[in-house]
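Hi everyone, thanks for making time this morning. I'd like to walk you through one model and pick out a few spots along the way. Here it is on the screen.

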Amino acid sequence: WSAYVNIPSYSDGAYTLFVQVFDNTSNESDVQKFNITADSKSPVLTEGDSTDANSTRYSQSTLNLTGTVTDDNLSELYYTYSFGENSVTEEPSISGDNNWVINKSNLADGTHIFKIVATDKAGNSSVITRNIIVDNTDPVITTNVSPLIMYNNGNGEEETVNGTINVNVRVSETNKLKGVYY
């Protein structure tokens, strides 16, 4: 014989379930007591660093992701780190007040994917995915100034050009350009 208790119909919280069995001849079992917790909510998982709307960040070879996780019944917190064909699953460092930290260094240029997962004892999960574009290469700048500011007038003397000088600047950057200053 079996019986099922529909936990989702209860509000989240702690409950005590008492079970006793009787047969047709009035024999009875001892009362069994079970403490259960109804939990329909996923853990609250946040990442504290600024990101673009598409969850992409730009970094150099050292990365520090931080955040918090909150759930009274937290079961596990881990992250999967992927780069190219390689993937590894690890646990972040956790400090007081449910703060978590992921530190990585010596990252190569390219897109690194971090998937942070928090799961509670009821199996509810929250996931944050961050695409980190690592760029350790300096932007390249080339210039072309015309006309020349100084020129030889044929008498061995240099003269300065008066009038308009055109300066063409080309900037090459494989990732997002933060700005050009002049």
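Let's start at D30, which sits in the loop between β1 and β2. Please keep in mind throughout that this is a predicted model. Is D30 buried or exposed? With a relative accessibility of 62%, D30 counts as exposed, because the cut-off for that label is over 50%. If we set aside residues up to four places away in sequence, D30 touches V19 and Q20. The C-alpha atoms of D30 and V19 are 8.5 Å apart, and 11 residues separate the two in sequence.

Stay in that loop for a moment, the one joining β1 (13–19) to β2 (32–38), as S26 is found there too. S26 is not a glycine, yet its phi is positive, at about 70°. S26 is exposed as well, with a relative accessible area of 60%.

Where else does a residue that is not a glycine have a positive phi? Have a look at N106, where phi is about 55°. N106 belongs to the loop between β9 (99–104) and β10 (110–120), and its relative accessible area of 70% makes it exposed.

Now let me step back to the whole chain. How many helices and strands are there? The count is 0 helices and 15 strands. The chain has 182 residues, and 21% of them count as buried. Taking contacts between residues at least 6 apart in sequence, 56% join residues at least 24 apart. The chain exposes about 13200 Å², with 47% of that supplied by carbon and sulfur atoms.

On to the inside. The largest nonpolar core has 16 residues, and L45, L65, L77, W100, I102, F114 and I116 are those with the most contacts within it. Which elements give two or more residues to this core? They are β5 (63–70), β6 (74–83), β9, β10 and β11 (125–134).

F114 is worth a closer look. Leaving out neighbours within four places in sequence, F114 is in contact with a long list of residues, including L63 and L65, Y79 and Y81, I102, and I128 and I132. That list also has charged company for F114, with K104 and R130 among its contacts.

Two more strand residues, if you'll bear with me. S82 lies in β6, and beyond its neighbours within four places in sequence it is in contact with S87, T111, H112 and I113. From S82 to K115 is 8.5 Å, C-alpha to C-alpha, while 33 residues separate them in sequence.

T119, for its part, lies in β10. Is T119 buried or exposed? T119 is buried, because its relative accessible area is 11% and the cut-off is under 20%. Not counting residues up to four places away in sequence, T119 touches P43, L74, S75, E76, N124 and S125.

Last stop, the second largest pocket. About 150 Å³ of space lies in this pocket. Which residues line the second largest pocket? The lining is made of D39, K41, S42, V44, T70, D71, D72 and N73. By type, the lining divides into 4 charged, 3 polar and 1 nonpolar. Rolling a probe the size of a water molecule over the atoms is how such empty space shows up.

That's my tour, so thank you all for listening!

How values were computed: Residues are numbered from 1 along each chain as its sequence is written. This is a predicted model: local features need pLDDT of at least 70, side-chain atom pairs count only at pLDDT 80 or more; totals for chains, interfaces and linings use all residues. Side-chain values use heavy atoms; hydrogens and water are left out. On a 1 Å grid over the protein atoms alone, a cavity is a set of points where a 1.4 Å probe fits but cannot get out, and a pocket is an open set with protein on both sides within 12 Å along at least five of seven lines; lining residues have an atom within 4 Å of a point. Grid points are joined across faces, edges and corners, and a volume is the space filled by probe spheres set on the points. Helices (H or I, at least four residues) and strands (E, at least two) are DSSP runs, numbered from the N terminus. Buried means under 20% relative accessible area, exposed over 50%, partly exposed in between (1.4 Å probe, protein chains only). Contact means heavy atoms within 4.5 Å. Accessible areas come from the Shrake-Rupley method with a 1.4 Å probe; for residues, only the protein chains shown count as cover. A nonpolar core is a set of buried Ala, Val, Leu, Ile, Met, Phe, Trp, Tyr and Cys residues joined through side-chain atoms within 4.5 Å.
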